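The following exercises concern a ligand, its surroundings and some features of the backbone. Please work through each task before reading its solution.

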Amino acid sequence: MPACGPRSVLFDVITIFPEFFTSILEHGVLKRGRAGEQIEIRIHDLREATDDRHHTVDDRPFGGGPGMVFKPEPVFRAVERLKEAAPNEPCRVVLLTPQGRLLTQAVAEELSREKRLVLICGRYEGVDERVAEHLATDEISIGDYVLAGGELGAAVLMETVTRLIPGVLGNDSSAGQDSFAAFDNLGASETQGILDCPHYTRPADLRGWKVPEVLLSGNHEEIRRWRRRQALEKTWRKRPDLLECASLSEEDREMLEEIRHAAPEPQL
Ligand code: ADE
């Protein structure tokens with residue numbers, strides 16, 4: 001189990017490509033989370049849960065059709081072995097699949113509160129449906145497109161979840177200010193789910209393209225208002241659908257009114 005921080009997550013990843021994860025575990029947020037013991041990641045080769053000489057993980061689909069299907073028994077066996085080792089530990093079993101619930105920031109936040117997440121990476125044409133029906137507690141998709149397998153999905157999920165665990169990003173964490181996150185620390189009311197404002201760094205003038213003056217002003221209240229307005233405007237232009245669910249303050253609504261009046265409707 002990961003060591004005792006206030007919040008920590010153990011990820012058990014079940015895959016036929018364990019080496020896929022070698023590099024991502026050694027970089028960025030996942031490396032930091034592991035070093036700080038906010039997360040632990042264990043990679044399990046599905047073939048070790050097979051019971052035949054050839055370590056067979058797939059078979060032809062009943063009813064015919066192209067491709068191969070992941071056999072259910074190795075997947076059940078792999079998950080049950082993991083659970084046996086810690087039978088009282090609450091555990092979500094996530095099947096990565098394009099048919100799953102979309103991985104949003106809200107879903108990542110929900111998962112970041114779990115103690116243990118078992119991630120099943122499918123391959124081939126699919127995974128025997130009984131895995132989704134009787135073993136997985138969740139089916140999650142990272143987007144409306146079809147990947148060749150769940151490994152990239154598992155990596156995306158782990159990174160998204162890990163950066164939300166307190167302590168992983170350090171004290172100057174920007175996790176709360178990202179696109180799709182709350183802006184609590186910018187002084188606004190809770191406004192989940194809008195895009196981030198633009199960011200700039202030196203030089204203040206790049207080939208004549210200047211950083212907005214207000215950011216150099218040192219006036220924190222002006223900067224806060226500018227950022228908020230930019231975030232709202234960007235969201236209105238690029239992802240107006242997000243505004244329908246965002247919880248907006250009175251100030252936000254006023255800004256949006258001004259934005260709508262000042263500019264033509266967004267062209268999507
Ligand atoms: N496996 C294949 N496509 C996927 C997707 N979009 N999300 C998660 N797992 C997948």
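Strands are DSSP runs of E of at least two residues, and they are numbered from the N terminus. The model examined here is predicted.

**Exercise 1.** Determine which strands each supply at least two residues of the shell around the ligand.

*Solution.* Begin with the residues around the ligand: Leu96, Thr97, Pro98, Ile140, Ser141, Ile142, Gly143, Tyr145, Val146, Leu147 and Gly149. Next, compare these residues with the strand ranges: β5 spans 92-102 and β8 spans 138-141, and each supplies at least two residues of the shell. Finally, consider the contributions: β5 gives the most to the shell, with 3 residues.

**Exercise 2.** Describe the shell around the ligand by residue class, and identify backbone atoms that approach a nitrogen atom of the ligand.

*Solution.* The shell contains 7 nonpolar and 4 polar residues, and no charged residues. For the second part, take N or O pairs within 3.5 Å as polar contacts. A backbone N or O atom of isoleucine 142 lies 3.0 Å from a ligand nitrogen. For threonine 97, the distance from a backbone N or O atom to a nitrogen of the ligand is 3.3 Å. A polar backbone atom of glycine 149 is 3.5 Å from a ligand nitrogen. The ligand taken alone exposes 260 Å², of which the protein buries 97%.

**Exercise 3.** In which pocket does the ligand sit, and what lines the largest pocket?

*Solution.* The ligand sits in the second largest pocket. Turning to the largest pocket, its space is about 510 Å³. Its lining comprises 18 residues, and Leu103, Thr104, Gln105, Ala106 and Phe180 are those nearest its centre. By class, the lining divides into 10 nonpolar, 6 polar and 2 charged residues. The helices α3 (105-112), α5 (151-162) and α7 (240-245) each supply at least two lining residues. Of the contributions to this lining, that of α7 is the most, with 3 residues.

**Exercise 4.** Which residues does a cis peptide bond join, and where is histidine 55 placed?

*Solution.* First, consider omega: at about 5 degrees, it belongs to the cis peptide bond between arginine 202 and proline 203. Proline 203 is found in the loop between α5 and β9 (205-206). Then consider phi: histidine 55 has a positive value of about 55 degrees, although it is not a glycine. Histidine 55 is placed in the loop between β2 (39-45) and β3 (58-59).

How values were computed
Residues numbered from 1 in each chain as written. Predicted model: local features only at pLDDT ≥ 70, side-chain atom pairs only at ≥ 80, totals over all residues. Heavy atoms only, no water. Near = heavy atom within 4 Å. Polar contact = N/O pair within 3.5 Å; in protein donor to acceptor, adjacent residues only side chain to side chain. Areas by Shrake-Rupley, 256 points an atom, 1.4 Å probe, with all protein chains shown as cover. 1 Å grid on protein atoms, 1.4 Å probe; cavity = no way out; pocket = protein on both sides within 12 Å on 5 of 7 lines; lining within 4 Å. Sits in = over half its atoms within 2 Å of the grid points. Helix = DSSP H or I, 4+ residues; strand = E, 2+ residues; numbered from the N terminus. Nonpolar A, V, L, I, M, F, W, Y, C, P; charged D, E, K, R; others polar. Points joined across faces, edges and corners; volume = space filled by probe spheres on them.
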